[in-house]
Amino acid sequence: MVCATPRIPIRDKPWLDWSNQNDNIMTNSNNLFIEVRNLQTYFYLYEGTVRAVDGVSYNIEKGKSLGVIGESGCGKSVTAQSIMRIVPTPPGKEVGGEVLLHLQGPNGPQIVDVLKLKADSEQMRAIRWKEVGMIFQEPMTSFSPLFTVGNQIIEAILLHIPGTTKKAARQQAIELLGKVGIPQPTRLVDAYPHQLSGGMRQRAMIAMALSCNPKLLIADEPTTALDVTIEAQILELIRSLQEEFGMALMYISHDLAVVSEMSDDIMVMYLGRVMEHAPMEEMFNNPLHPYTQALWRSIPKIEGPLARLQTISGGLPNPYLIQKGCPFFSRCEKRIPGLCDGARPPLIEVSPSHTVSCFLYDSQARSKVPTEQPNATQQSATQQSGVS
Amino acid sequence: MLAYIARRIVTLIPILLLISLVSFLVIQLPPGDWVTRQINTLKLSGIQVDEGEAMRLTKMYGLDKPISERYLTWMKGILFDGNFGWSFQWNQNVNTLLAARIPLTMAISIAALLLSWLISIPIGIYSATHQYSTWDYIFTFIGFIGLATPGFLVALILAWVIFATTGFSPLGLNSSQYLDAPASWGKFIDLLKHLILPLFIISLSSTGVTIRVMRANLLDELKKQYVITARAKGLSELGLLIKYPVRMAINPIISTVGWVLPGLVSGEVLVSIVLGIQTTGPLLLRATLEQDMYLASSIVMILSTLTVIGTLISDILLAALDPRIRYGGTAK
C-alpha cells in the first residue's frame with residue numbers, strides 16, 4: 001500500500017490531532033450543518049438516463065471540511081449543485097433523498113430540506129450564497145464580463161443582507177477583496193473581469209463567495225484552471241479563510257494531494273456512488289475499497305526510484321447502463337463474480353467513522369457466495385489476493 | 001469613450017468620399033445615358049430625331065463632359081450647396097424628390113425595426129428559456145414562415161384579405177377621400193391605418209431572423225458559468241436573465257443595426273410597389289431603369305451613408321454595453 005505524499009506541502013497538518021468525536025456520524029446532530037441522505041440526482045437525456053448521483057449520503061459539521069474525490073463524471077459536482085439546487089433542470093432532476101440544512105431560523109434552530117423547496121422559490125434563493133456559498137471551476141467565466149467585479153459582489157451583499165446601503169456594501173466588497181489578497185482593492189473593485197488575471201479572478205470569486213458569510217463553502221475544483229503556484233496560494237487562502245470565518249468546507253477535486261491538504265474527511269465517489277468515506281488520515285493510511293487503493297497507487301511518489309505509475313485498467317462503464325451490482329465491478333482487481341455484479345454492495349461501517357461500500361468487508365454476504373458461484377477455485381484465488 | 005467616438009467619426013470622412021465616388025461610378029457603368037435612352041424611346045415610337053438635336057440635348061444636360069468633371073460638379077453641389085443634382089425623369093431637383101420620400105421611408109424603416117425587435121426579442125428570450133417546449137416549436141415555425149415567405153407575396157395576400165373582409169383598401173398612404181384634403185386628425189388616423197400593413201410586412205422577415213439569432217445567442221449564454229454563478233448567488237430567475245445573459249445575447253443584434261437600416265429601405269421596394277407607398281425604394285428602381293443618373297446616384301449614396309452611420313451607431317452602442325470593446329479600443 002502506498003501512502004500519499006502531498007504534492008504541495010502548504011502548511012502544518014492540524015488534522016493529525018483531529019480526533020473523531022462522534023460515535024456515529026449519523027446521530028450526532030448538535031454540530032451538524034448539512035446532512036445529505038440517499039441523494040439521487042438523475043439526468044434525463046435522449047440517450048437515456050444518467051444516474052449522476054445515485055444514493056449518496058454524507059454529513060458535514062460546522063467548521064469541518066469534507067473532500068470529495070473522484071474521476072470526471074462521477075457525480076461530485078452534481079452532488080454539490082444539488083445542495084444549491086442549481087442542477088440544470090431539465091435535463092437534471094433531484095429525484096430522491098434529503099438534503100437537510102441545519103439553519104439558524106428567526107425562532108431558533110431549524111432544519112430545512114432543500115429538496116422540498118422549489119428551485120426558484122424565495123426560500124431557496126435566500127439559502128443560496130447566504131448559507132451556502134460556492135467557488136467554481138473556471139475563474140475565467142464565472143464573472144459576467146459586462147459588469148465590474150465590485151458590482152457583482154455588491155449585488156450579492158445587497159441581496160442577502162437587508163438594510164445594507166450601497167456605500168456600506170461597496171466598502172465591504174473592498175474589504176473582502178483586500179482580504180483575499182487583491183492588491184489595491186479600492187481601485188480594482190471597479191475593474192472588469194477581463195482586466196484581472198486568472199488567479200486574481202479566482203480570488204475575487206472567493207471574495208464574492210464569502211460576501212454573505214456562508215456557513216458552508218463549496219469549492220468545486222477551484223484550482224483546475226490555474227497553474228501550480230497560484231493553486232498553492234488559492235488553497236492556502238481558502239484554508240485560512242475557512243478557519244477565520246468558521247465555515248464548513250466541501251472541497252471537490254480529482255487531485256488527491258490537494259484534497260488531502262484541504263479536508264478533515266474524505267469521500268471517494270465513483271459513478272454517482274460513495275465508495276468510501278473516512279477521516280483523511282485513516283483514508284490515506286488504511287484505504288479499504290479496491291477503488292481507493294487503486295487511486296492511491298496512481299499517485300506519483302517523491303521518494304524512491306522513478307517508476308511507471310500504476311493505472312486503473314479499463315475505462316468508465318457506459319453511464320447510461322444501470323449497474324445492478326457494484327459500479328466498479330468491471331475494473332476491480334478483487335471482484336467476486338456472482339456477488340459483486342449481482343447486488344449493490346451495502347455501506348459497511350468498518351470503524352465508527354470509516355464506511356466502505358464493498359462486499360469484501362461484508363463477511364455475511366461473502367460466506368454465502370460459494371453456493372451461488374460455480375467456479376469456486378477462481379473465486380477463492382481472487383479472495384486471497386484481495387484481502388491483505 | 002468620447003475619444004473613441006471622435007476617432008470613429010474622423011475615419012468616416014474618407015469612407016464617405018469613397019462611397020460617393022463608387023455610387024456615382026456604379027450608376028455611370030451601364031452603356032448609354034438619359035439622352036440616348038430618350039432618343040431610343042422616340043425612335044421606337046417612330047419619331048425621327050436628327051443627330052444635331054441629340055448633340056444639343058447631350059450638351060444641354062452636360063453629358064458631354066468627362067466623368068471626372070461631372071463627378072466633381074456633382075460633389076461640389078452636394079458639399080457646398082446641399083444640392084444633389086437634377087432629375088431628368090421628373091424634371092425636378094433631386095432634393096425636392098427625396099425630401100418628399102426620405103422622411104416617410106425612414107419613419108417606416110425605423111418603426112419596422114423597432115417593431116421587429118419588440119416582437120422578436122421577447123419571443124427569442126422565451127424560446128431560449130423554454131427550449132423544445134410547445135411554444136418554442138410554434139414560434140420557430142412562425143419565425144421560419146416569416147423568414148421564408150417573400151414580403152410582396154404576403155403583402156398581396158393580406159391586402160386582398162383585408163379588402164375582401166372589411167372593405168378597407170390598405171393600399172397607398174391615404175384613402176381617396178383624404179388624398180387632396182388638408183391635414184387633419186382624420187387624415188392622420190387614416191394614414192396610420194394604412195401604415196399598419198406595410199409595417200407588419202416589412203418587419204416580418206427581420207422578425208424571423210431576429211428570433212432565431214436571439215434564441216441561438218441566448219442558448220449559448222445560458223450555459224455559461226456566469227449565469228450559474230448568478231443563480232447560485234440567489235438572484236431571481238428573471239432578474240438574472242435580464243441582467244446577465246440577455247445583455248450579452250443582444251450584442252450581435254445591435255451590431256447588425258448598421259446593415260438592417262439600408263436592408264429595410266431597399267428590402268421594402270417590392271412591398272412598397274405592391275402597396276403603392278411612395279418610399280425611396282420604387283423611386284430608385286425607376287431611376288435606374290430610366291438612367292436618371294443623379295437621382296439614382298444620390299439614393300445609392302444616401303443608403304450607403306446610412307449603412308456607415310448605422311454601423312457607427314451600433315459600434316457606439318456596443319462600446320456602451322460591453323466594457324471589453326470599450327477598453328480594447330482605448331488601450332491601443
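**Confidence in chain B**

I began with the confidence of chain B in this predicted model, and I found the lowest mean in helix 17 (residues 323–331) of chain B, at 62, whereas helix 6 (residues 134–148) of chain B has the highest, at 89. Chain B as a whole averages a pLDDT of 83, and 96% of its residues score at least 70.

**Confidence in chain A and in the complex**

For chain A I noted a mean pLDDT of 79, with 87% of the residues at 70 or more. I then looked up where the pLDDT of chain A is below 50, and one such stretch is residues 1–28, which has 42 contacts in the model beyond near neighbours in sequence. Residues 371–388 of chain A also have a pLDDT below 50, and this stretch has 16 contacts beyond near neighbours in sequence. I keep a caution beside these entries, that predicted coordinates should not be read in detail where pLDDT is low. For the complex I copied down the two scores of the predictor, an ipTM of 0.76 and a pTM of 0.76.

**Where the chains touch**

I next asked myself how many residues each chain gives to the contact. Chain A gives 22 residues and chain B gives 18 residues. On the side of chain A that touches chain B, helix 2 (122–127) and helix 3 (149–160) of chain A each supply at least two residues, and the largest share, three residues, comes from helix 3 of chain A. When I sorted this side of chain A by class, I had 12 nonpolar, five polar and five charged residues.

**The four-stranded sheet of chain A**

I followed an open sheet of four strands in chain A, whose order is 2-1-4-5 and whose pairing is antiparallel. Why do strand 2 (48–61) and strand 5 (108–113) of chain A each have one side without a neighbour in the sheet? Both strands stand at the edges with a single partner strand each, so one side of each is left without a neighbour. Direction ignored, neighbouring strands of this sheet are turned by 10° against each other on average.

I then looked more carefully at one pairing, in which strand 4 (residues 92–105) of chain A is joined to strand 5 of chain A by six bridges, the two strands running antiparallel. As a place to find this pairing by eye, I marked A:Leu103, which stands opposite A:Gln110 in strand 5 of chain A.

**The eight-stranded sheet of chain A**

My next entry is an open sheet of eight strands in chain A, with the order 6-7-8-3-9-10-12-11 and mixed pairing. Its edge strands are strand 6 (132–135) and strand 11 (347–351) of chain A, each of which pairs on one side only, and the twist from one strand to the next averages 20°. Strand 11 of chain A pairs with strand 12 (residues 354–357) of chain A in the antiparallel sense over four bridges. Here I marked A:Glu349, whose bridge partner in strand 12 of chain A is A:Thr355.

**Two helix pairs in chain B**

Before I turned to the helices, I reminded myself that two packed helices are described by the angle between their axes and the distance between the axes.

Helix 1 (residues 2–28) and helix 4 (residues 67–81) of chain B have axes that come within 11 Å and cross at roughly 130°, which means that helix 1 of chain B is oblique to helix 4 of chain B. The crossing of these helices is right-handed. From helix 1 of chain B, B:Ser20, B:Leu21, B:Phe24 and B:Gln28 meet B:Ile67, B:Tyr71, B:Trp74 and B:Met75 in helix 4 of chain B, and by class this contact has six nonpolar, two polar and no charged residues.

For helix 5 (residues 94–129) and helix 16 (residues 293–321) of chain B, I wrote down that the axes come within 10 Å and cross at roughly 45°, which means that helix 5 of chain B is oblique to helix 16 of chain B. This crossing is right-handed. The residues that meet are B:Val94, B:Leu97 and B:Leu98 in helix 5 of chain B and B:Tyr294, B:Leu295 and B:Ser298 in helix 16 of chain B, and I counted them by class as five nonpolar, one polar and no charged residues.

Note on methods:
Residues are numbered from 1 along each chain as its sequence is written. Chains are lettered from A and ligands numbered from 1 in the order in which they are written. This is a predicted model: local features need pLDDT of at least 70, side-chain atom pairs count only at pLDDT 80 or more; totals for chains, interfaces and linings use all residues. Axes are lines fitted to C-alpha atoms, for helices over the stretch in contact, and angles run from 0 to 180 degrees between N-to-C directions. Angles under 35 degrees count as roughly parallel, over 145 as roughly antiparallel, 65 to 115 as roughly perpendicular and the rest as oblique. A crossing is left-handed if the near helix is turned anticlockwise from the far one by less than a right angle, and right-handed if clockwise. Two residues are in contact if their C-beta atoms, placed from the backbone, lie within 7 Å. Ala, Val, Leu, Ile, Met, Phe, Trp, Tyr, Cys and Pro count as nonpolar, Asp, Glu, Lys and Arg as charged, and the others, Gly among them, as polar. pLDDT is the predictor's confidence in each residue, from 0 to 100. Two strands pair if DSSP finds at least two bridges between them.
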